[in-house]
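Thank you for making the time today; I would like to walk you through one structure slowly, beginning with its aromatic rings and then moving on to its open and closed spaces. Please have the sequence and the model in view as we go.

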Amino acid sequence: MSPSHADGPPGAARRELRELAHGLFHPSHPPTALFAGSPRRWLRLLPYAVVLALVGVFLPVTIQVLTGDYGVGGGVAGALAVGQAAPLLMLAHHPLRAWWIVFTADIVGALVLLGRPDQGSIWPWTPPAVVGYLFVLLALGLRESRRTVIGVGLATGAAGLLLHLIAPSRSDGGALLLFVLGGVVLVIGAAVRERSEAQRRLAEQESISEEERARRTLLEERTRIARELHDVVAHHMSVITVQADSAPYRVGGLSEEARAEFASIAAGARESLAEMRRLLSVLRSDGSPGELAPQPGLDRVQQLVEATVRAGLPAELSLAADVVEALERGGVPQVVNLSAYRIVQEALANVVRHAPGARTRVSVTARDGRLTVLVVNGAPPEEGSPLETSGTGHGLVGMRERVRLTGGTLDTGPLPDGGFRVAARLPLPPPQPPSASLTPEEPWPSA
């Protein structure tokens, strides 16, 4: 048979029947009681109390009805009552298994009653069996999937129809009554279950929406702050740039050193403004693209130290040869490269602010799979005074965040001579072995 024929109406019908049969033998829920997740203890105990009450009522009533109204012997009546009523204890955890036992016991009971004289009683289902079976169907409707519920309803109707065909004179509508009442109970139970699931999904969606709303509010607030920060800082940095560029023309008699100093101030202000704009552009909500200029790295740390020296801070740089080699062959990840540059930048800025004029040494080495960035400054000269007597501490926090994101470690603290030390160790990937050329015997690797 071709796939097109298999997917036609006959194939679809067989597939639906297989799924219905699968639903009758495989529960669609874990074996947990109803209300098991409720915070109220009495709700968690309610299903067990209900099933105990059902068994306590239906077991003696079934025996009494079978012996008194149908004339069944005590032993047979007791066995049928156990088969029809005792499985109700399983409704709390395994309603589908309970249905199989009760369904089989009810059919056996109908066949047993078929051998008894007709005393005008309801057949094929006794009144206690009908009521107990409805409780089983209600538990199924509350717990099982729609496919299982449909399969149970069809099986109930098929069993009643078969028994009616076996003894149509004994059947007085009891099989049809159970089929109709059972269908109503199954529909009610399924409707309650689907409504409960819909409410649970709605509550989850509302929780997710609330989290998304809070996240969006936070992002909008950050964007607003970023815009205000850009407006304020960009204005002042632009003023500094313009004043530094125009100072040689406004002030006469400046020496070449002074002109170079103003040019350095203007260049530093322009670079800071450009970096700030690149960082803040990602927070814009108007959809305008950010600048795509590459981020600075260790290849620019020499320029950073030279700019610091021009600002009046006696600093020296030691950049190990293995670091230069790693940069040339691309052995330093971008995040480590950027983090190392920012740590040096922030450490030098802290020295300028809090210890102006202090001798500073910057060292960058690569050894044992780690990039070590060391910035050490001595005590400031006695005649100097800090440009800032207090700080927010955001610089050290930012260093720690950068180091933590790379998986490295940061060690900071004062020195006995009154200086300060910043030591960052950032992980480097292991060096890749040089790729050997392929010999004629070696095949090219497949794509």
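Before I count anything, let me say what a pair is here: two rings of Phe, Tyr or Trp, where Trp is represented by its six-membered ring, form a pair if their centres lie within 6.5 Å. Please also keep in mind that this is a predicted model.

With that definition in hand, the structure holds five aromatic pairs. Let us take one of them, tryptophan 99 with tryptophan 100, whose ring centres are 4.9 Å apart and whose planes meet at 65°. Planes over 60 degrees apart count as edge-to-face, and so this pair, at 65°, is edge-to-face.

Are these two tryptophans buried or exposed? Tryptophan 99 has a relative accessibility of 0% and therefore counts as buried, whereas tryptophan 100, at 30%, counts as partly exposed. If you now step back from this pair, you will find that ring pairs link Phe25, Trp99, Trp100, Phe103 and Tyr133 into a cluster.

Tyr133 leads us on to the closed spaces, since it is also one of the residues that line the second largest cavity. A search of the whole structure finds three cavities of 30 Å³ or more, and the second largest of them holds about 50 Å³ of space. Its lining also includes Phe58, Thr62, Gln84, Val102 and Asp106, and by class the lining has six nonpolar, three polar and one charged residues. Which helices supply at least two residues each to this lining? They are α3, α4, α5 and α6, and α6 gives the most, with four residues.

Let us turn from the cavities to the pockets, which are open. The largest pocket holds about 1800 Å³ of space and is lined by 38 residues, with Gly268, Ser272, Glu275, Gln345 and Ala349 lying nearest its centre. Several helices, namely α8, α9, α10, α12 and α13, each supply at least two residues of this lining, and the largest share, 13 residues, comes from α9. Sorted by class, the lining of the largest pocket has 20 nonpolar, eight polar and 10 charged residues.

The second largest pocket has a volume of about 500 Å³, and of the 17 residues that line it, Leu34, Phe35, Leu142, Arg143 and Ser196 lie nearest its centre. Here α6 and α8 each supply at least two residues, and α8 gives the most, with five. Its lining is made up of eight nonpolar, five polar and four charged residues.

Finally, I would like to look at a single residue, threonine 360, which is found in strand β2, residues 360–367. Buried means under 20% relative accessible area, and threonine 360, with 4%, is therefore buried. What lies around this residue? Leaving aside its neighbours within four places in sequence, threonine 360 is in contact with nine residues' worth of names you can find on screen, including Leu313, Pro314, Leu348, Val351 and Asn377. Within its own stretch of sequence, a polar atom of the side chain of threonine 360 lies 3.2 Å from the backbone oxygen of alanine 358.

Methods. Residues numbered from 1 in each chain as written. Predicted model: local features only at pLDDT ≥ 70, side-chain atom pairs only at ≥ 80, totals over all residues. Heavy atoms only, no water. 1 Å grid on protein atoms, 1.4 Å probe; cavity = no way out; pocket = protein on both sides within 12 Å on 5 of 7 lines; lining within 4 Å. Points joined across faces, edges and corners; volume = space filled by probe spheres on them. Nonpolar A, V, L, I, M, F, W, Y, C, P; charged D, E, K, R; others polar. Phe/Tyr/Trp six-rings, centres within 6.5 Å; stacked < 30°, edge-to-face > 60°. Buried < 20%, exposed > 50% of the residue type's maximum accessible area, 1.4 Å probe, protein only. Polar contact = N/O pair within 3.5 Å; in protein donor to acceptor, adjacent residues only side chain to side chain. Contact = heavy atoms within 4.5 Å.
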